[in-house]
Amino acid sequence: ELAERAQQRLFAAGEVIVRQGDDAEELFVILEGETAIVLETGETEQEIAKLDAGKFFGEMALVTGEKRKATVRAATDCAVLVIDRSAFEAVLRRQPEVIEELSRVLAERQLKIDETHARMSGEERATVVQRESSQLLGKIKRLFKL
């Protein structure tokens with residue numbers, strides 16, 4: 001059902017699929033190729049994972065409405081299936097058990113991000129805090145219409 005409502009997109013090796021900090025309403029399933037998950041901290045980037053065919057990313061931003069927590073770059077030429085929020089919601093309503101698996105994956109990925117942040121220098125941490133603070137400020141202002 002998701003595949004019927006999804007779009008396929010192609011990315012060349014090295015091309016950014018999603019950028020950390022961007023707004024997001026899409027989930028990506030890798031059909032072919034390999035992606036690199038990268039945390040950007042100021043001037044530096046740190047690869048924290050690689051994902052290949054059959055894996056997915058973008059679920060955190062899709063289900064929470066938060067901005068992208070990491071950049072995802074095509075490590076090789078990639079074909080991905082792009083699923084938008086309305087298609088995803090329709091499936092969740094009919095198959096709520098999907099939420100359990102998704103919550104497990106979200107918790108594992110957040111832990112990996114937290115572990116990477118813990119290894120940062122003070123300056124790198126300050127940059128991340130500033131960026132996250134700015135994003136939260138925007139959310140609060142939108143929520144309270146300020």
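Read along the sequence, the protein chain follows the pattern α-β-β-β-β-β-β-α-β-β-α-α-α, and the secondary structure comes to 5 helices and 8 strands, where helices (H or I, at least four residues) and strands (E, at least two) are DSSP runs numbered from the N terminus. Before going further, I should say that this is a predicted model, in which local features need pLDDT of at least 70 and side-chain atom pairs count only at pLDDT 80 or more, while totals for chains, interfaces and linings use all residues. Residues are numbered from 1 along each chain as its sequence is written, and side-chain values use heavy atoms, with hydrogens and water left out.

Let me begin with the chain as a whole. Of its 146 residues, 34% count as buried, buried being under 20% relative accessible area, exposed over 50%, and partly exposed in between, with a 1.4 Å probe and protein chains only. If we take contacts, meaning heavy atoms within 4.5 Å, between residues at least 6 apart in sequence, then 77% of them join residues at least 24 apart.

Now to the sheets. In general, strands of a sheet pair through backbone hydrogen bonds, either parallel or antiparallel; here two strands are taken to pair if DSSP finds at least two bridges between them. One open sheet has 4 strands in the order S2-S7-S4-S5, with antiparallel pairing. Its edge strands, each pairing on one side only, are S2 (16–18) and S5 (44–52). Neighbouring strands of this sheet are turned by 35° against each other on average, direction ignored; the axes behind such angles are lines fitted to C-alpha atoms, for helices over the stretch in contact, and angles run from 0 to 180 degrees between N-to-C directions.

Within that sheet, strand S4 (residues 34–41) is joined to S7 by 4 bridges, the two running antiparallel. Ile 37 has Val 72 as its bridge partner in S7, and Val 38 stands opposite Thr 71 of S7. On the other pairing I want to show, S2 and S7 are antiparallel over 2 bridges, with Val 16 having Arg 73 as its bridge partner.

Arg 73 deserves a closer look. This residue sits in strand S7 (residues 71–74), and although 60 residues separate Arg 73 from Ala 13 in sequence, their C-alpha atoms are 7.8 Å apart. Which side chain makes a polar contact with the side chain of Arg 73? That partner is Glu 45, at 3.3 Å, a polar contact being a pair of N or O atoms within 3.5 Å, where within protein one must be able to donate a hydrogen and the other to accept it, and residues adjacent in sequence count only if both atoms are side-chain atoms. Leaving out residues up to four places away in sequence, Arg 73 also touches a set that includes Gly 14, Ile 17, Glu 34 and Thr 35.

Thr 35, found in strand S4, counts as buried because its relative accessible area is 0%. With neighbours within four places in sequence set aside, the contacts of Thr 35 include Ile 30, Leu 51, Phe 57, Val 72 and Cys 78.

The second sheet is also open, with 4 strands in the order S1-S8-S3-S6 and antiparallel pairing. Strand S1 (7–11) and S6 are the edge strands, each pairing on one side only. S1 pairs with S8 in the antiparallel sense over 5 bridges, and Phe 11 has Cys 78 as its bridge partner in S8. Helix H3 (residues 85–94) lies across S3 and S8, running at about 70° to S8.

Finally, the interior. A nonpolar core is a set of buried Ala, Val, Leu, Ile, Met, Phe, Trp, Tyr and Cys residues joined through side-chain atoms within 4.5 Å. The largest has 17 residues, and those with the most contacts inside it include Ile 17, Ile 37, Val 72 and the two residues Phe 28 and Phe 57. S2, strand S3 (26–32), S4, S5, S7 and strand S8 (78–84) each supply at least two residues of this core, and the largest share, 3 residues, comes from S8. Another core, of 9 residues, lies apart from it, with Ala 6, Leu 62, Phe 88 and Leu 92 among them.

The structure holds 1 aromatic pair. Phe 28 and Phe 57 form this pair, stacked at 5.0 Å centre to centre with 5° between the planes; rings of Phe, Tyr and Trp (its six-membered ring) pair if their centres lie within 6.5 Å, and planes under 30 degrees apart count as stacked, over 60 as edge-to-face and the rest as tilted. The pair links distant parts of the chain, with Phe 28 in strand S3 and Phe 57 in strand S6 (residues 56–57), 29 residues apart. Phe 28 is buried at 1% relative accessible area, and Phe 57 counts as buried at 3% relative accessibility.
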